[in-house]
Amino acid sequence: MSPTDVPANPWFSWDYVVRNWADIERAVGQHVSLTVQAVVLALVIALPLAALAHLRPRLAGPVVGLAGVLYTVPSLALFALLAPWTGIGRTTVLIGLVAYALLVLVRNVLVGLRGVDPAVTDAARGMGYGRLRMLVQVELPQALPSVVAGVRVATVTTVALVTVGVVVGYGGLGQLMFRGFRSSYHAEIMTATLLCLVLALVADVLVVLLGRALTPWSRSTRMLAESST
């Protein structure tokens, strides 16, 4: 066979996208839903854990340490360990993604709570705020910028980790990548890779915008600081 007889295998192919749109759409849907669910679940777990560690400093070490241990387990090994108990598919991937997001979120929530200005908490205490009320109404709102920063890191990291879920049969865009590598189909590999990058960028922008909407006072404070200088 002469070189001219070898089928073209480009890295970029709009024809591939058109012909495989249904597969691409399904993979993107899986990827987005897994990312959103994993980050939301991890945040729901991380908030009370970090709050408990903040209220009971002796528990901070064990809480952060446990999250750190989960984070150090290689993703492939974690999915393999979970598979006998949770089966092959979405549940296993989701549990693994939540476990990896926990460390980032717990750390950032805890840092945010510890970074609240003592003058603010002293004022709240002087107004008769109890410990729990102060946590919910004063400290957590003040810690939001740090929480949002943690959510940004966790979200972008989760977008990347979803692809590894292909090892247990549910990897979103990772399934297209794996199929492309197995068949040496360049366009399939590149399309899935670029879509992962786009998803990470869009998710990061959305979290930033959400953070600004939730913390309008931080923007006002920054503007006042800039005008005073």
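1. Let's start with R179, which is partly exposed at a relative accessible area of 30% (buried is under 20%, exposed over 50%, partly exposed in between, with a 1.4 Å probe and protein chains only). Bear in mind that this is a predicted model, where local features need pLDDT of at least 70 and side-chain atom pairs count only at pLDDT 80 or more, while totals for chains, interfaces and linings use all residues. Residues are numbered from 1 along each chain as its sequence is written, and side-chain values use heavy atoms, with hydrogens and water left out.

2. What does the side chain of R179 pair with in a salt bridge? The partner is E188, at 2.6 Å from N to O (a salt bridge is a side-chain nitrogen of Lys or Arg within 4 Å of a carboxyl oxygen of Asp or Glu). E188 has just 3% relative accessibility and therefore counts as buried, whereas R179 is partly exposed. The pair also belongs to a network of salt bridges that links D23, R26, R179 and E188. In total, the structure holds seven salt bridges.

3. Two of the salt bridges sit inside single helices (helices, H or I of at least four residues, and strands, E of at least two, are DSSP runs numbered from the N terminus). R19 and D15 meet through their side chains at 2.8 Å, N to O. They are four residues apart in helix α1, residues 14-19, so about one helical turn separates them. R19 is exposed, with a relative accessible area of 52%, while D15, at 45%, counts as partly exposed.

4. The other one is in helix α6, where D122 and R125 lie three residues apart, about one turn of the helix. Their side chains form a salt bridge of 2.8 Å, N to O. Here both ends are partly exposed: D122 has 47% relative accessibility and R125 has a relative accessible area of 48%. As a general reminder, side chains of opposite charge can pair when their charged atoms come close.

5. Staying with α6, which spans residues 118-126, T121 has its place there too. Is T121 buried or exposed? T121 counts as buried, at 9% relative accessibility. Beyond its neighbours within four places in sequence, T121 is in contact with V116, M134 and E139 (contact means heavy atoms within 4.5 Å).

6. Now the helix packing. Helix α4 (residues 75-86) and helix α5 (residues 90-114) pack at about 135°, and their axes are 9 Å apart (axes are lines fitted to C-alpha atoms, for helices over the stretch in contact, with angles from 0 to 180 degrees between N-to-C directions). That makes α4 oblique to α5; angles under 35 degrees count as roughly parallel, over 145 as roughly antiparallel, 65 to 115 as roughly perpendicular, and the rest as oblique. The crossing of the two is right-handed (the near helix turned clockwise from the far one by less than a right angle; anticlockwise would be left-handed).

7. Who makes the α4 and α5 contact? From α4 come S75, L78, F79, L82, A83 and T86, and from α5 come T91, T92, V93, I95, G96, A99 and Y100. By class, this contact has eight nonpolar, five polar and no charged residues; Ala, Val, Leu, Ile, Met, Phe, Trp, Tyr, Cys and Pro count as nonpolar, Asp, Glu, Lys and Arg as charged, and the others, Gly among them, as polar.

8. Helix α2 (residues 21-55) packs on helix α9 (residues 186-214) at an angle of about 35°, with the axes 12 Å apart. The crossing of α2 and α9 is right-handed. I24, V28, H31 and V32 of α2 meet T191, L195, C196 and L199 of α9. The residues of this contact divide into six nonpolar, two polar and no charged.

9. G172 is worth a look in the viewer. G172 lies in the loop between α7 (131-162) and α8 (173-183), and with a relative accessible area of 0% it is buried. G172 and Q30 are 142 residues apart in sequence, yet their C-alpha atoms are 4.9 Å apart in space. Not counting residues up to four places away in sequence, G172 touches A27, Q30, H31 and V162.

10. Last, a backbone point to check. S184, in the loop between α8 and α9, has phi near 60°, a positive value in a residue other than glycine. In general, most residues other than glycine have a negative phi. S184 is partly exposed, at a relative accessible area of 45%.
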